Amino acid sequence: MRTTRRELCGWGRTSPSVADLVDASADELTADLVSGLGAARGAIARGLGRAYGDPAQNGGGVVVRLAPGPIHLDAASGTVRVGAGVSLDELMRHIVPRGWFVPVTPGTRFVTIGGAIASDIHGKNHHADGSFGAHVERLTLFTADGAHRVVSPNDEPELWWATLGGMGLTGVIVEATVRLLPIETSRCVVDTERVPNLDALLERMESGDHRYRYSVAWVDLVARGAALGRAVLTRGDHATLAELADLDPKAAQDPLAFGPPSLVAVPPGLPNVLSRPAVRAFNELWYRKAPRFHRGVESITGFFHPLDMVGDWNRLYGRPGFLQYQFVVPFDAVDTFRSIIAMVAASGHASFLAVLKRFGPESGGLMSFPTPGWTLTLDLPAAAPGLDELLTELDRRVLSVGGRHYLAKDATTTPEVIRAGYPRLDEFLDVRRRIDPDGVWASDQARRLDLR
Amino acid sequence: MNNAVDQPQTIVVLGGTSDLGQAIVAQLASPVLRTVVLAVRRPDDVDPEAQRFGGADVVVVPFDAAEPASHAAVIADIVERVGDLDVVIQAFGQLGVPGLVDPLGAAELAQVNYVGAVSSGLAVAEQLRRQGHGTLVVLSSVAGVRTRASNFVYGSTKAGQDAFATGLGHSLAGTGARVMTVRPGFVRTAMTVGMDEAPFAADPADVAAAVATGLRRKRSVVWVPGVLRAVMGLLRLAPDVVWRRLDR
């Protein structure tokens with residue numbers, strides 16, 4: 001077990017704080033480790049630091065990083081028992097060549113299993129398959145009393161629903177058993193199409209998403225007027241052996257090959273290169289380059305994790321960092337949704353990556369983010385002037401139609417905004433108080449948003 | 001805990017009746033701001049209801065810069081009541097009478113402006129270190145950069161406070177806690193009312209804006225107005241005869 005004092009922040013590189021980072025293995029998580037922490041600044045688990053804000057840091061306290069654990073694949077039942085410190089990248093490298101895929105993947109492979117559960121992450125298939133937590137059978141949780149508990153919807157259901165999406169505030173997830181998706185190849189068949197405006201985009205997604213497992217739209221938030229909300233829509237599914245043999249015979253010779261490439265890493269010390277003119281130019285080129293309609297084969301990395309090919313891409317925003325704003329609004333709130341997009345486009349802030357997905361039913365996690373509706377994710381440079389006012393107004397509009405914000409991305413909202421968005425917050429706090437009466441589990445986010 | 005656009009949730013003003021302190025809080029106020037603590041010498045003179053900083057709660061606590069023995073307890077008490085401190089502003093300070101040469105009067109001025117700054121600054125730093133985050137904003141002055149006959153006692157206390165603040169900032173490196181030293185020129189406040197304005201004079205709002213920008217850019221030193229950095233840099237090198245001639 002190693003302890004170092006480190007400055008920690010999220011992927012947006014904002015709001016850092018200094019904590020004692022403890023690197024521990026699963027059997028080093030004992031009652032001794034947590035005794036006395038409640039009276040001090042407490043502790044929180046940290047995975048690979050891909051949350052954008054402050055949930056995996058704990059100023060003046062302890063941050064626990066679990067060593068990657070074992071991976072036990074059970075092909076007969078189609079499940080894997082895996083240490084919570086293992087990343088989706090490591091897991092995929094193990095299971096993809098053997099004909100399995102993770103049930104849900106976000107836009108990066110570099111999140112841990114523990115983080116995937118604690119944020120109840122979602123991917124491009126939420127409308128079809130739900131969030132990550134829906135595919136976890138059981139997990140082992142290290143709780144404030146020093147015990148390792150087996151938690152599942154049947155064993156300790158209250159703790160289960162509090163831990164799914166609970167941002168680590170019920171304890172440290174030690175390992176989990178996850179149901180996997182069988183695949184025949186490591187490629188996807190993807191339909192790509194250019195959509196000229198928002199109304200057309202919403203219509204295309206509503207009418208066609210049910211035909212695909214995966215669906216996501218990249219939206220140009222700089223375009224205004226008639227082109228407001230123009231987008232590139234990509235939808236697809238895993239390629240069967242037959243499809244691959246047909247569309248890409250060369251790839252079909254080694255159908256389950258998985259070797260994700262890394263092209264380049266962004267060096268430290270860059271200023272923010274993503275200025276409005278740069279973003280506008282990029283967006284224009286990207287939109288023009290996209291085909292009107294095209295069906296093709298893409299690798300897992302190309303379809304799911306394109307940004308993983310650029311190491312440390314968050315450095316493109318320079319020292320001031322950036323924030324990622326993600327919210328969901330109900331399907332019928334189309335007018336408000338359009339007004340939000342128009343507001344961002346008119347604001348003069350350069351949003352480089354804006355992603356639109358559709359959510360299906362909730363998972364049942366008390367603080368889990370996905371709920372049926374449209375979810376938009378946009379990146380904004382943190383130093384942009386007037387950003388605070390824009391975000392306050394966006395918050396207001398999102399809440400006004402019954403929407404909410406994603407804790408794994410949040411870096412700017414207030415306790416009131418979270419309370420308004422999460423009707424089961426009090427149930428969550430009750431479980432917290434019962435399972436952790438001394439307040440052992442604490443994070444900067446929990447203090448900032450009053451999740452105590 | 002500050003959010004990603006550097007909006008604080010809790011601000012403490014040591015010397016809560018100060019015009020500069022109030023202006024800075026007003027500048028930093030936002031829907032994110034929950035609590036403002038005004039630490040003042042005479043709490044009964046301050047009506048929390050009359051203080052308006054958006055929707056934030058205002059808490060008034062007793063604080064006497066001239067009583068170092070009380071400072072650790074004052075800070076501990078504030079933390080007990082409001083939790084983590086995001087921004088603490090050291091805003092107390094007295095100008096002293098013009099042409100001050102009385103030893104006792106000077107000693108009292110030094111006690112408030114310098115000794116009080118050291119003792120309260122260290123108490124705050126201890127808490128910020130324990131939190132792993134937070135910024136101490138020290139309202140220093142260009143009067144300390146090079147002292148002149150018309151206010152050398154005051155200038156020397158600010159010089160002391162300034163050196164303490166910058167040194168404290170160095171000692172906090174790597175702890176997550178920061179110090180920002182603000183060096184305004186002449187500012188039109190209750191403290192300077194009736195005096196002749198010096199060149200490069202500013203309003204409290206100017207200082208507040210510079211503090212907000214400095215916090216966002218994580219600066220250690222802020223001059224208000226910014227041109228004073230170059231001006232004072234040159235004036236420090238001026239021969240004594242020139243310096244004395246510039247004095248009013």
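This is a short chat about a predicted model with chains A and B.

User: Hi! How many residues does each chain bring to the contact?
Analyst: Chain A gives 24 residues and chain B gives 19 residues. Keep in mind that the model is predicted.

User: Which elements of chain A give two or more residues to that side?
Analyst: Those are strand 2 (17-24), helix 12 (387-400) and helix 15 (444-448) of chain A.

User: And what's the mix by class on the side of chain A that touches chain B?
Analyst: There are 8 nonpolar, 10 polar and 6 charged residues on that side.

User: Back to strand 2 of chain A. How does strand 1 run against it, parallel or antiparallel?
Analyst: Strand 1 (residues 2-8) and strand 2 of chain A run antiparallel, joined by 7 bridges. For instance, Arg6(A) has Ala19(A) in strand 2 as its bridge partner.

User: What about strand 4 of chain A, parallel or antiparallel to strand 2?
Analyst: Strand 4 (residues 62-66) pairs with strand 2 of chain A in the parallel sense, over 5 bridges. In that pairing, Leu66(A) of strand 4 stands opposite Ala24(A).

User: New topic: helix 3 of chain B. What does it reach from its first C-alpha to its last?
Analyst: Helix 3 (residues 103-131) of chain B has 29 residues and reaches 40 Å, which is close to the 42 Å expected at 1.5 Å a residue.

User: Where is the kink in helix 3 of chain B centred?
Analyst: The kink is centred on Gln111(B), and its angle is about 35°.

User: Cool. Which residue follows helix 3 of chain B?
Analyst: Gly132(B) follows helix 3 of chain B, and the phi of Gly132(B) is positive, near 75°.

Definitions and conventions:
Residues are numbered from 1 along each chain as its sequence is written. Chains are lettered from A and ligands numbered from 1 in the order in which they are written. This is a predicted model: local features need pLDDT of at least 70, side-chain atom pairs count only at pLDDT 80 or more; totals for chains, interfaces and linings use all residues. Two residues are in contact if their C-beta atoms, placed from the backbone, lie within 7 Å. Helices (H or I, at least four residues) and strands (E, at least two) are DSSP runs, numbered from the N terminus. Ala, Val, Leu, Ile, Met, Phe, Trp, Tyr, Cys and Pro count as nonpolar, Asp, Glu, Lys and Arg as charged, and the others, Gly among them, as polar. The expected span of a helix is 1.5 Å times one less than its number of residues. The bend at a residue is the angle between axes fitted to the seven residues ending there and the seven starting there. Two strands pair if DSSP finds at least two bridges between them.
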